[in-house]
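Here is a friendly walk through one protein model, best read with the viewer open beside the text. We will begin with a single residue and work outwards.

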Amino acid sequence: MKIRQRAISLDLNSFFSAFFDKEVQKYMEYIRPCIASMKGYVPGLQPDPNQKYIKLNSNENPFPPSPRVKEVLRELKYEDLRIYPDPISLELREKLGSLYGFSPNQIICGNGSDDILNIIIRTFAQPGEAVGFFEPTFPLYRVLGVIHGVRIISLPVDEPYDQPPLPPDDVKIFFLANPNSPVGFAYSTSRIAEMAREIKAVFVVDEAYAEFARENALALVRQLANVIIVRTVSKSYSLAGLRLGYAIGNEKLIAEMLKVKDPFNVTLLTQSLVAAALEDQEYLRNNVSRIIDTREWFSKEAAALGYRIIPSEANFVFPQPPQKGRGIGFYKTLFNRKILTRHYDEEGLRDGVRMTIGTRQEMATVLKVMKEILPQFSNK
Ligand SMILES: Cc1ncc(COP(=O)(O)O)c(C=O)c1O
(Lines give C-alpha, C1' and ligand atoms only; values in the text may rest on other atoms or scores of the structure.)
Protein backbone atom coordinates (compact mmCIF):
# COMPACT_ATOMS: atom_id res chain seq x y z
CA MET A 1 0.00 0.00 0.00
CA LYS A 2 2.77 2.40 1.07
CA ILE A 3 4.73 1.63 -2.10
CA ARG A 4 1.70 2.43 -4.23
CA GLN A 5 1.16 5.75 -2.43
CA ARG A 6 4.79 6.70 -3.08
CA ALA A 7 4.48 5.84 -6.75
CA ILE A 8 1.39 8.04 -7.07
CA SER A 9 3.08 10.97 -5.33
CA LEU A 10 6.18 10.62 -7.56
CA ASP A 11 3.90 10.70 -10.60
CA LEU A 12 2.16 13.83 -9.34
CA ASN A 13 5.51 15.48 -8.62
CA SER A 14 6.79 14.90 -12.11
CA PHE A 15 3.47 16.02 -13.57
CA PHE A 16 3.65 19.32 -11.66
CA SER A 17 7.28 19.89 -12.43
CA ALA A 18 6.64 19.36 -16.17
CA PHE A 19 3.70 21.75 -15.90
CA PHE A 20 5.79 24.44 -14.17
CA ASP A 21 8.66 24.02 -16.62
CA LYS A 22 6.25 24.82 -19.41
CA GLU A 23 4.69 27.70 -17.49
CA VAL A 24 8.06 29.29 -16.65
CA GLN A 25 9.10 29.06 -20.30
CA LYS A 26 6.42 31.64 -21.10
CA TYR A 27 7.97 34.09 -18.62
CA MET A 28 11.53 33.38 -19.74
CA GLU A 29 10.54 35.19 -22.91
CA TYR A 30 9.96 38.33 -20.85
CA ILE A 31 13.63 38.47 -19.86
CA ARG A 32 15.29 41.46 -21.50
CA PRO A 33 17.51 40.27 -24.38
CA CYS A 34 20.55 42.08 -22.92
CA ILE A 35 20.17 40.06 -19.69
CA ALA A 36 19.43 36.74 -21.40
CA SER A 37 22.57 37.03 -23.52
CA MET A 38 24.96 38.21 -20.78
CA LYS A 39 27.15 36.12 -18.49
CA GLY A 40 26.85 38.17 -15.30
CA TYR A 41 29.64 39.16 -12.94
CA VAL A 42 31.65 36.21 -11.65
CA PRO A 43 32.93 36.85 -8.11
CA GLY A 44 36.04 35.11 -6.81
CA LEU A 45 35.40 31.67 -5.29
CA GLN A 46 34.58 31.78 -1.55
CA PRO A 47 35.70 28.32 -0.44
CA ASP A 48 34.57 26.45 2.67
CA PRO A 49 36.80 27.91 5.44
CA ASN A 50 37.56 24.36 6.64
CA GLN A 51 39.34 23.65 3.38
CA LYS A 52 42.33 25.76 4.44
CA TYR A 53 43.18 27.50 1.21
CA ILE A 54 45.58 30.40 1.12
CA LYS A 55 42.92 32.71 -0.19
CA LEU A 56 44.44 35.25 -2.59
CA ASN A 57 41.61 35.59 -5.11
CA SER A 58 39.44 38.54 -4.02
CA ASN A 59 41.93 41.19 -2.87
CA GLU A 60 40.70 40.89 0.70
CA ASN A 61 42.95 42.13 3.47
CA PRO A 62 44.75 39.31 5.35
CA PHE A 63 44.60 41.18 8.67
CA PRO A 64 41.52 41.74 10.85
CA PRO A 65 39.90 45.20 10.96
CA SER A 66 40.75 47.74 13.68
CA PRO A 67 40.04 46.48 17.23
CA ARG A 68 37.76 49.52 17.64
CA VAL A 69 35.35 47.81 15.25
CA LYS A 70 35.22 44.85 17.63
CA GLU A 71 34.51 47.13 20.60
CA VAL A 72 31.65 48.87 18.84
CA LEU A 73 30.30 45.52 17.64
CA ARG A 74 30.14 44.37 21.27
CA GLU A 75 28.34 47.55 22.34
CA LEU A 76 25.68 47.41 19.63
CA LYS A 77 22.17 46.82 21.00
CA TYR A 78 20.42 44.10 19.13
CA GLU A 79 17.02 45.78 19.78
CA ASP A 80 18.20 48.68 17.59
CA LEU A 81 18.09 46.44 14.55
CA ARG A 82 14.31 46.95 14.67
CA ILE A 83 14.60 50.40 13.11
CA TYR A 84 15.75 51.52 9.67
CA PRO A 85 19.25 52.97 9.36
CA ASP A 86 19.91 56.63 8.54
CA PRO A 87 18.99 56.77 4.83
CA ILE A 88 21.74 59.25 3.98
CA SER A 89 24.54 57.87 6.23
CA LEU A 90 25.18 61.36 7.55
CA GLU A 91 27.61 60.47 10.34
CA LEU A 92 29.77 58.52 7.93
CA ARG A 93 29.71 61.31 5.36
CA GLU A 94 30.73 63.82 8.03
CA LYS A 95 33.57 61.58 9.18
CA LEU A 96 34.79 60.94 5.64
CA GLY A 97 34.44 64.65 4.88
CA SER A 98 36.60 65.75 7.78
CA LEU A 99 39.13 63.02 7.03
CA TYR A 100 39.64 64.13 3.43
CA GLY A 101 38.64 67.82 3.59
CA PHE A 102 35.26 67.77 1.85
CA SER A 103 31.75 68.75 2.87
CA PRO A 104 29.32 65.88 3.58
CA ASN A 105 27.31 67.19 0.60
CA GLN A 106 30.15 66.15 -1.66
CA ILE A 107 29.95 62.54 -0.46
CA ILE A 108 27.54 59.66 -1.02
CA CYS A 109 27.74 56.25 0.69
CA GLY A 110 26.70 52.95 -0.80
CA ASN A 111 26.46 49.23 -0.22
CA GLY A 112 30.04 48.67 -1.36
CA SER A 113 31.55 50.59 -4.25
CA ASP A 114 29.69 48.16 -6.53
CA ASP A 115 26.51 49.98 -5.45
CA ILE A 116 28.13 53.38 -6.03
CA LEU A 117 29.20 52.39 -9.57
CA ASN A 118 25.66 51.24 -10.28
CA ILE A 119 24.24 54.55 -8.97
CA ILE A 120 26.68 56.45 -11.22
CA ILE A 121 25.57 54.57 -14.34
CA ARG A 122 21.89 55.05 -13.54
CA THR A 123 22.35 58.75 -12.78
CA PHE A 124 24.39 59.86 -15.76
CA ALA A 125 23.76 57.52 -18.72
CA GLN A 126 20.47 57.04 -20.48
CA PRO A 127 19.90 53.53 -21.90
CA GLY A 128 21.25 53.66 -25.45
CA GLU A 129 23.94 56.23 -24.61
CA ALA A 130 27.57 55.19 -24.25
CA VAL A 131 29.93 54.61 -21.34
CA GLY A 132 33.62 53.93 -21.78
CA PHE A 133 36.68 52.44 -20.13
CA PHE A 134 40.10 51.08 -20.99
CA GLU A 135 40.58 47.31 -20.86
CA PRO A 136 41.83 45.32 -18.98
CA THR A 137 39.82 46.75 -16.11
CA PHE A 138 37.35 45.87 -13.37
CA PRO A 139 34.77 43.68 -15.19
CA LEU A 140 31.80 45.10 -13.29
CA TYR A 141 31.71 48.33 -15.37
CA ARG A 142 30.72 46.32 -18.43
CA VAL A 143 28.20 44.17 -16.52
CA LEU A 144 26.46 47.18 -14.96
CA GLY A 145 26.44 48.96 -18.32
CA VAL A 146 24.87 45.99 -20.11
CA ILE A 147 22.21 45.64 -17.40
CA HIS A 148 21.34 49.33 -17.73
CA GLY A 149 21.17 49.04 -21.54
CA VAL A 150 23.98 51.48 -22.37
CA ARG A 151 26.45 51.08 -25.21
CA ILE A 152 29.92 50.05 -24.14
CA ILE A 153 33.02 51.64 -25.66
CA SER A 154 36.04 49.74 -24.46
CA LEU A 155 39.54 50.71 -25.52
CA PRO A 156 42.26 48.08 -25.17
CA VAL A 157 45.37 49.27 -23.39
CA ASP A 158 48.50 47.22 -23.75
CA GLU A 159 51.90 47.40 -22.16
CA PRO A 160 53.47 49.83 -21.57
CA TYR A 161 50.29 50.86 -19.81
CA ASP A 162 51.48 54.41 -19.34
CA GLN A 163 50.59 55.37 -22.91
CA PRO A 164 46.81 54.98 -23.02
CA PRO A 165 44.79 56.13 -26.01
CA LEU A 166 42.65 59.26 -25.64
CA PRO A 167 39.40 58.40 -23.88
CA PRO A 168 36.50 58.48 -26.39
CA ASP A 169 34.61 61.77 -26.41
CA ASP A 170 31.09 60.57 -27.21
CA VAL A 171 30.57 58.82 -23.86
CA LYS A 172 28.54 60.07 -20.90
CA ILE A 173 30.74 58.34 -18.31
CA PHE A 174 34.34 57.17 -18.42
CA PHE A 175 35.52 54.70 -15.76
CA LEU A 176 39.18 54.53 -14.84
CA ALA A 177 40.26 52.00 -12.20
CA ASN A 178 43.37 53.56 -10.69
CA PRO A 179 45.36 51.61 -9.54
CA ASN A 180 44.09 49.30 -12.23
CA SER A 181 42.61 45.91 -11.48
CA PRO A 182 43.54 43.20 -12.31
CA VAL A 183 47.04 44.31 -13.26
CA GLY A 184 48.00 46.81 -10.55
CA PHE A 185 49.59 49.65 -12.50
CA ALA A 186 48.60 53.25 -11.71
CA TYR A 187 48.54 56.50 -13.65
CA SER A 188 49.92 59.67 -12.08
CA THR A 189 47.43 62.28 -10.91
CA SER A 190 48.70 64.71 -13.55
CA ARG A 191 47.99 62.17 -16.31
CA ILE A 192 44.49 61.61 -14.91
CA ALA A 193 43.90 65.37 -14.80
CA GLU A 194 44.85 65.60 -18.50
CA MET A 195 42.40 62.83 -19.41
CA ALA A 196 39.61 64.32 -17.31
CA ARG A 197 40.15 67.75 -18.89
CA GLU A 198 40.08 66.34 -22.41
CA ILE A 199 36.92 64.32 -22.02
CA LYS A 200 33.40 65.78 -22.01
CA ALA A 201 32.05 63.10 -19.71
CA VAL A 202 31.69 62.31 -16.04
CA PHE A 203 35.17 61.00 -15.28
CA VAL A 204 35.04 58.33 -12.59
CA VAL A 205 38.31 57.43 -10.91
CA ASP A 206 37.71 54.15 -9.11
CA GLU A 207 40.26 54.25 -6.28
CA ALA A 208 39.40 50.93 -4.61
CA TYR A 209 43.15 50.42 -4.03
CA ALA A 210 44.28 54.04 -3.57
CA GLU A 211 45.58 53.53 -0.03
CA PHE A 212 48.23 51.15 -1.40
CA ALA A 213 49.35 53.58 -4.12
CA ARG A 214 51.82 56.47 -4.21
CA GLU A 215 49.25 59.04 -5.31
CA ASN A 216 45.51 59.56 -5.37
CA ALA A 217 43.29 61.91 -7.35
CA LEU A 218 41.13 63.37 -4.56
CA ALA A 219 42.51 66.88 -5.18
CA LEU A 220 41.05 66.82 -8.70
CA VAL A 221 37.53 66.98 -7.25
CA ARG A 222 38.35 70.57 -6.20
CA GLN A 223 39.71 71.46 -9.66
CA LEU A 224 37.48 69.68 -12.17
CA ALA A 225 33.68 69.54 -12.03
CA ASN A 226 33.45 66.22 -13.90
CA VAL A 227 35.69 64.12 -11.61
CA ILE A 228 34.08 61.66 -9.20
CA ILE A 229 36.31 59.55 -6.97
CA VAL A 230 35.02 56.15 -5.84
CA ARG A 231 36.47 54.49 -2.75
CA THR A 232 35.79 51.44 -0.59
CA VAL A 233 36.57 50.16 2.90
CA SER A 234 36.73 46.58 1.56
CA LYS A 235 40.47 46.48 0.93
CA SER A 236 42.58 48.82 3.09
CA TYR A 237 40.22 48.81 6.10
CA SER A 238 39.73 44.99 6.03
CA LEU A 239 35.96 45.43 5.92
CA ALA A 240 34.87 43.66 2.74
CA GLY A 241 32.17 41.83 4.70
CA LEU A 242 30.44 45.04 5.78
CA ARG A 243 29.91 46.49 2.28
CA LEU A 244 30.67 50.20 2.32
CA GLY A 245 31.76 52.23 -0.65
CA TYR A 246 31.55 55.97 -1.21
CA ALA A 247 31.95 58.60 -3.88
CA ILE A 248 33.35 62.11 -3.58
CA GLY A 249 32.47 64.68 -6.21
CA ASN A 250 30.86 68.01 -6.98
CA GLU A 251 27.91 68.48 -4.60
CA LYS A 252 25.42 69.13 -7.41
CA LEU A 253 26.29 65.79 -9.03
CA ILE A 254 26.21 64.03 -5.65
CA ALA A 255 22.74 65.49 -4.92
CA GLU A 256 21.42 63.84 -8.11
CA MET A 257 23.08 60.54 -7.20
CA LEU A 258 21.39 60.64 -3.80
CA LYS A 259 18.02 60.62 -5.59
CA VAL A 260 18.96 57.42 -7.43
CA LYS A 261 20.29 55.29 -4.56
CA ASP A 262 18.11 52.73 -2.79
CA PRO A 263 16.42 54.42 0.18
CA PHE A 264 18.31 52.52 2.92
CA ASN A 265 21.36 51.31 1.04
CA VAL A 266 23.79 51.18 3.98
CA THR A 267 22.86 48.99 6.94
CA LEU A 268 22.81 50.21 10.53
CA LEU A 269 25.57 47.76 11.39
CA THR A 270 27.75 49.01 8.54
CA GLN A 271 27.26 52.67 9.42
CA SER A 272 28.26 52.11 13.08
CA LEU A 273 31.20 49.81 12.43
CA VAL A 274 32.72 51.75 9.55
CA ALA A 275 32.51 54.93 11.65
CA ALA A 276 34.65 53.17 14.28
CA ALA A 277 37.18 52.00 11.69
CA LEU A 278 37.53 55.51 10.21
CA GLU A 279 38.52 56.81 13.64
CA ASP A 280 41.50 54.47 13.78
CA GLN A 281 43.75 55.93 11.09
CA GLU A 282 46.89 54.70 12.79
CA TYR A 283 45.72 51.11 12.52
CA LEU A 284 44.93 51.69 8.84
CA ARG A 285 48.40 53.13 8.17
CA ASN A 286 50.15 50.18 9.85
CA ASN A 287 47.97 47.62 8.11
CA VAL A 288 48.56 49.19 4.68
CA SER A 289 52.29 49.63 5.18
CA ARG A 290 52.69 45.95 6.15
CA ILE A 291 50.94 44.94 2.93
CA ILE A 292 53.03 47.31 0.81
CA ASP A 293 56.24 45.94 2.40
CA THR A 294 55.16 42.38 1.69
CA ARG A 295 54.17 43.31 -1.89
CA GLU A 296 57.57 44.84 -2.60
CA TRP A 297 59.46 41.94 -1.03
CA PHE A 298 57.32 39.32 -2.80
CA SER A 299 57.61 41.08 -6.18
CA LYS A 300 61.40 41.16 -5.90
CA GLU A 301 61.65 37.50 -4.87
CA ALA A 302 59.23 36.30 -7.56
CA ALA A 303 61.13 38.26 -10.22
CA ALA A 304 64.40 36.72 -8.98
CA LEU A 305 62.86 33.26 -9.50
CA GLY A 306 62.09 34.16 -13.15
CA TYR A 307 58.46 35.29 -12.97
CA ARG A 308 57.48 38.47 -14.71
CA ILE A 309 55.83 40.95 -12.36
CA ILE A 310 54.24 44.22 -13.44
CA PRO A 311 55.06 46.81 -10.75
CA SER A 312 51.90 47.06 -8.65
CA GLU A 313 50.49 49.93 -6.61
CA ALA A 314 47.64 47.84 -5.21
CA ASN A 315 47.26 45.03 -2.66
CA PHE A 316 47.81 42.41 -5.36
CA VAL A 317 50.29 41.48 -8.06
CA PHE A 318 50.03 39.84 -11.46
CA PRO A 319 52.81 37.24 -11.69
CA GLN A 320 53.42 35.60 -15.06
CA PRO A 321 55.50 32.46 -15.51
CA PRO A 322 58.17 32.59 -18.26
CA GLN A 323 56.11 30.61 -20.81
CA LYS A 324 53.49 32.83 -22.48
CA GLY A 325 49.79 31.92 -22.38
CA ARG A 326 50.20 29.57 -19.38
CA GLY A 327 48.14 31.60 -16.90
CA ILE A 328 45.39 28.99 -16.67
CA GLY A 329 47.86 26.15 -16.06
CA PHE A 330 49.62 28.27 -13.46
CA TYR A 331 46.26 29.01 -11.79
CA LYS A 332 45.30 25.31 -11.70
CA THR A 333 48.66 24.20 -10.37
CA LEU A 334 48.48 26.75 -7.56
CA PHE A 335 44.87 25.71 -6.89
CA ASN A 336 45.94 22.08 -6.52
CA ARG A 337 48.51 23.28 -3.98
CA LYS A 338 45.70 25.02 -2.03
CA ILE A 339 46.57 28.52 -3.23
CA LEU A 340 43.58 30.35 -4.58
CA THR A 341 44.24 33.10 -7.17
CA ARG A 342 42.25 34.57 -10.05
CA HIS A 343 42.68 33.84 -13.74
CA TYR A 344 41.05 35.93 -16.48
CA ASP A 345 40.50 34.36 -19.88
CA GLU A 346 40.79 37.73 -21.59
CA GLU A 347 43.01 39.52 -24.06
CA GLY A 348 46.17 40.73 -22.33
CA LEU A 349 45.57 38.65 -19.19
CA ARG A 350 46.15 35.07 -20.29
CA ASP A 351 49.82 34.96 -19.30
CA GLY A 352 49.38 35.21 -15.54
CA VAL A 353 47.11 35.28 -12.52
CA ARG A 354 46.00 38.01 -10.16
CA MET A 355 47.28 37.25 -6.70
CA THR A 356 46.30 39.19 -3.58
CA ILE A 357 49.10 40.02 -1.14
CA GLY A 358 48.49 37.93 1.98
CA THR A 359 50.53 37.82 5.18
CA ARG A 360 54.29 37.57 4.91
CA GLN A 361 54.08 33.94 6.01
CA GLU A 362 51.43 33.09 3.41
CA MET A 363 53.47 34.77 0.67
CA ALA A 364 56.60 32.90 1.74
CA THR A 365 54.68 29.63 1.28
CA VAL A 366 53.45 30.84 -2.12
CA LEU A 367 57.01 31.67 -3.19
CA LYS A 368 58.18 28.23 -2.14
CA VAL A 369 55.47 26.62 -4.26
CA MET A 370 56.20 28.98 -7.19
CA LYS A 371 59.84 27.90 -7.06
CA GLU A 372 58.91 24.20 -7.07
CA ILE A 373 56.49 24.44 -9.99
CA LEU A 374 58.56 26.84 -12.12
CA PRO A 375 60.13 24.09 -14.34
CA GLN A 376 56.61 23.22 -15.61
CA PHE A 377 56.23 26.78 -16.93
CA SER A 378 59.74 27.49 -18.02
CA ASN A 379 60.99 27.93 -21.59
CA LYS A 380 64.06 25.80 -20.96
C1 LIG B 1 38.57 48.32 -9.09
C2 LIG B 1 37.50 47.87 -8.17
N3 LIG B 1 36.46 48.66 -7.93
C4 LIG B 1 35.48 48.31 -7.09
C5 LIG B 1 35.49 47.09 -6.44
C6 LIG B 1 34.34 46.73 -5.55
O7 LIG B 1 34.60 46.92 -4.23
P8 LIG B 1 33.49 46.86 -3.11
O9 LIG B 1 33.85 45.72 -2.24
O10 LIG B 1 33.53 48.18 -2.41
O11 LIG B 1 32.15 46.67 -3.80
C12 LIG B 1 36.55 46.22 -6.64
C13 LIG B 1 36.57 44.91 -5.96
O14 LIG B 1 37.35 44.07 -6.10
C15 LIG B 1 37.57 46.61 -7.53
O16 LIG B 1 38.61 45.80 -7.79
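In which strand is Ala 247 found? Ala 247 sits in strand E8. Please keep in mind that this is a predicted model.

**One residue and its surroundings**

Ala 247 counts as buried because its relative accessibility is 0%, and buried means under 20%. Leaving aside residues up to four places away in sequence, Ala 247 touches Gln 106, Ile 107, Ile 108, Ile 116, Ile 228, Ile 229, Val 230, Ile 254 and Met 257. Val 205 is 42 residues away from Ala 247 along the chain, and their C-alpha atoms are separated by 9.6 Å.

One of these contacts, Ile 108, is also the bridge partner of Ala 247. A second bridge joins Gly 110 to Gly 245 of E8. Strands E2 (residues 107-110) and E8 (residues 245-248) pair in the antiparallel sense, over four bridges.

**The sheet**

In a regular strand the side chains alternate between the two faces of the sheet. In E2, Ile 107 and Cys 109 lie on one side, with Ile 108 and Gly 110 on the other. Are these faces covered or not? Both are covered, and all four residues are buried.

E2 and E8 belong to an open sheet of seven strands with mixed pairing, in the order E2-E8-E7-E6-E5-E3-E4. At its edges are E2 and E4, each of which pairs on one side only. Ignoring direction, neighbouring strands of the sheet are turned by 20° against each other on average.

Helix H9 (residues 251-260) packs on this sheet, where it touches E2, E7 and E8. The direction of H9 makes about 30° with that of E2. Helix H7 (residues 189-198) lies across E3, E5, E6 and E7, and runs at about 155° to E6.

**Helix H6**

Helix H6 covers residues 140-148, and its buried residues are Leu 140, Tyr 141, Val 143, Leu 144, Gly 145 and His 148. What do these residues pack against? Their partners are helix H5 (112-124) together with strands E3 (130-135), E4 (151-156), E5 (173-177) and E6 (202-206).

**Helix H12 and its neighbour**

Further along the chain, helix H12 (residues 327-336) has Gly 327, Gly 329, Phe 330, Tyr 331, Thr 333 and Leu 334 buried. The cover over them includes strands E11 (319-320), E12 (339-340) and E13 (355-356), as well as helix H13 (360-373).

How do the axes of H12 and H13 cross? They come within 11 Å and cross at roughly 125°, which means that H12 is oblique to H13. The crossing is right-handed. From H12, the contact is made by Phe 330, Thr 333 and Leu 334, and from H13 by Val 369, Met 370 and Ile 373. By class, this contact has five nonpolar residues, one polar and no charged ones.

**Positive phi after two helices**

Both H6 and H12 are followed by a residue with a positive phi, listed here.

| Helix | Residue that follows | Phi |
|---|---|---|
| H6 | Gly 149 | about 80° |
| H12 | Lys 338 | near 70° |

To come back to the start, Ala 247 in E8 is bridged to Ile 108, and that partner is itself buried in E2.

Terms used:
Residues numbered from 1 in each chain as written. Heavy atoms only, no water. Buried < 20%, exposed > 50% of the residue type's maximum accessible area, 1.4 Å probe, protein only. Contact = heavy atoms within 4.5 Å. Pairing = 2+ DSSP bridges. Axes fitted to C-alpha atoms, helices over the stretch in contact; angles between N-to-C directions. Parallel < 35°, antiparallel > 145°, perpendicular 65-115°, else oblique. Left-handed = near helix turned anticlockwise from the far one by under 90°. Nonpolar A, V, L, I, M, F, W, Y, C, P; charged D, E, K, R; others polar.
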